[in-house]
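Q: Could you take a close look at one chain of this model and explain, step by step and for a beginner, how its parts are arranged? I would like one connected answer rather than a list.

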Amino acid sequence: MIEINAVDKWYGSVQVLKNCTTTVAKGEVVVVCGPSGSGKSTLIKCVNALEPFQKGEIVIDGVRLGTRGIDLSRLRARVGMVFQHFELFPHLRIDENLCLAQEKVLGRRRADALARSAALLERVGLAAHARKYPGQLSGGQQQRVAIARALAMDPIAMLFDEPTSALDPEMINEVLEVMIELAREGMTMMVVTHEMGFARKVARRVLFMDAGQIVEDAPKERFFARPETERARQFLSRILDH
Amino acid sequence: MLAQFDFDVIARSWVYLLRDGLTFTLTLTALATLGGMVLGTLLAVARLSRLPVLPLLAGGYVNLMRSLPLVLVIFWFYFLVPFLGQWLTGSERPIQVGGFTSALVTFTLFEAAYFAEIMRAGIQSIPRGQVFAAQALGLRSSRVLRYVVLPQAFRNMLPVTLTQTIVLFQDTSLVYVLSLTDLLGAASKVAHRDGRLVEMYLFAALVYFIISFAASRGVRVLQRRMAIAD
């Protein structure tokens, strides 16, 4: 479903991704972790072509990114993305946030888009808030809306970029629960997160990144039981020991 | 001392002043604001675009307009536009444009430069994440601009835009150099006819003051409301 092949990326003269290679199979949940500045978010943004990369290739469902003439917007519409800071559109109501791209990108009629939005808001437990504005919702609620907004496009895969990092602790679980349910339903997911509980519960594989490189790419059992690199051991002990 | 003055002239002429003069001033202000906002938004988008040349042209225009005295631009267009029209239509004589049209074109073009800067700041104030989110949903850049960036930019810049409009309202009085009958022009005509300069200019000042002051108070209330809503 998602193939990342020897991707290099530079910001000017600073190399932020070095020879990154991995794949995410259909229905697989892959957690990407690592210290801050290790390139996790950059990698996931490259998958959605929000960030350009200079070398290597990324293929999504048979479509190769970077090929001349491919329709980036079409491709992005098929891959859902959830951001650290939610990024709901503050000038639009919740239901309008969900309808905008359904109508303008998928060409759905308003009534159909609204019906789909209502079903998804129901699913994330926010049906009562459809006519509110994002600013009236808590962080956890906003992030659940953001997930519903991405799902409204009927994506073939979902990317999560630190979806709980900006949340107060008591709101993290309501977001994780939605994500766990999604994973159990067989959604293909690539999740940048420090929530190791989530990784243990639903991930099939864990990628560990450091300094722009994928230094470990292992099934989760092996990653948690016997990390291969010293760097990953340090990271795990720091993040789990409290 | 006040005995030398005849404030009765105001009572005799205020209907004419407000009906003819103020209407002209307000119409010019409203239309030039509207035109200036549309053109200014286009200029701002052009200036921020990643296409070649376009940002240079838009930037050049904005800087040129902002570096010239308004009176000069008014004169310039008044005398130039008829010849431009002649050249464009290929007619034999300069096109008669009329004072109001000429003033409207001038103020629209002039204000566009200022609104362009306001809108540019507004567009740049929208966090990059908003653009990412819109792109990630598959929206093309023209739609990202239209449905996500510009509505928020307009909203954020509303107080500044209204303040600029108040400035424009006062600046429209400069059309008196074309002998047009705006509020100041009308006051000036009565003043000269009746030899009552002080009274009429005082009255005109009062009207400008009341409207501008009330409007800026309104902007402040709006600003406070927006701050609470955020």
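A: In this predicted model, strand S1 of chain A, residues 2–11, is joined to S2(A) by seven bridges, and the two strands run antiparallel. To find one of these pairings in the structure, look for A:Val7, whose bridge partner in S2(A) is A:Cys20. The pair belongs to an open sheet of four strands of chain A, arranged in the order S2-S1-S4-S5 with antiparallel pairing. At the edges of this sheet are strand S2 (14–24) and strand S5 (63–64) of chain A, each of which pairs on one side only.

Strand S1 of chain A also holds A:Ala6, a residue that deserves a second look. Most residues other than glycine have a negative phi. A:Ala6 is not a glycine, yet its phi is positive, at about 50 degrees. As for its surroundings, A:Ala6 has 12 other C-beta atoms within 10 Å, and because a residue with 12 or fewer is classed as exposed, A:Ala6 falls in that class.

Across the sheet strands S1, S2 and S4 (55–60) of chain A lies helix H1, residues 40–47 of chain A, which runs at about 120 degrees to S1(A). The loop between H1 and S4 of chain A contains A:Ala49, and this residue, too, has a positive phi, of about 60 degrees, although it is not a glycine. The count around A:Ala49 is 20 other C-beta atoms within 10 Å, and because 20 or more makes a residue buried, A:Ala49 is buried. The positive phi therefore comes with an exposed position at A:Ala6 and with a buried one at A:Ala49.

Further along chain A is strand S9, residues 205–210, which is mostly covered, since five of its six residues are buried. Two strands pair with S9(A), and the sense of the pairing has to be read for each of them. With strand S3 of chain A, residues 29–33, S9(A) pairs in the parallel sense over four bridges, and in this pairing A:Val31 stands opposite A:Val206 of S9(A). With strand S10 of chain A, residues 213–219, the pairing of S9(A) is antiparallel and extends over six bridges. Here A:Arg205 has A:Pro219 in S10(A) as its bridge partner. S9(A) and S10(A) form a hairpin with two residues between them, and in the turn A:Ala211 has a positive phi of about 50 degrees.

Helix H4 of chain A lends itself to a small check that you can repeat yourself. H4(A) has 14 residues, 110–123, and at 1.5 Å a residue it should span 20 Å; its end C-alpha atoms are 20 Å apart, so the expectation and the model agree. The buried residues of H4(A) are A:Ala113, A:Arg116, A:Ser117, A:Leu120 and A:Leu121. They cover an arc of only 135 degrees around the axis, which means that they lie on the same side of H4(A). The spacing fits a general rule: an α-helix has 3.6 residues a turn, so residues three or four places apart point the same way. On the other side of H4(A), by contrast, A:Ala111 and A:Ala115 are exposed. Among what covers the buried residues of H4(A) are two helices of chain A, H3 (94–104) and H5 (139–151). After H4(A) comes A:Gly125, which has a positive phi near 75 degrees.

Chain A also touches chain B, and the contact takes 19 residues from chain A and 17 residues from chain B. On the side of chain A that touches chain B, helix H2 (72–78) and H3 of chain A each supply at least two residues, and H2(A) gives the largest share, namely four residues. Sorted by class, this side of chain A has 10 nonpolar, five polar and four charged residues. As for the partner, the secondary structure of chain B consists of eight helices and zero strands, and of its 230 residues 35% count as buried.

Conventions
Residues are numbered from 1 along each chain as its sequence is written. Chains are lettered from A and ligands numbered from 1 in the order in which they are written. This is a predicted model: local features need pLDDT of at least 70, side-chain atom pairs count only at pLDDT 80 or more; totals for chains, interfaces and linings use all residues. The expected span of a helix is 1.5 Å times one less than its number of residues. The arc is that of the directions from the helix axis to the C-beta atoms. Two residues are in contact if their C-beta atoms, placed from the backbone, lie within 7 Å. Two strands pair if DSSP finds at least two bridges between them. Axes are lines fitted to C-alpha atoms, for helices over the stretch in contact, and angles run from 0 to 180 degrees between N-to-C directions. Ala, Val, Leu, Ile, Met, Phe, Trp, Tyr, Cys and Pro count as nonpolar, Asp, Glu, Lys and Arg as charged, and the others, Gly among them, as polar.
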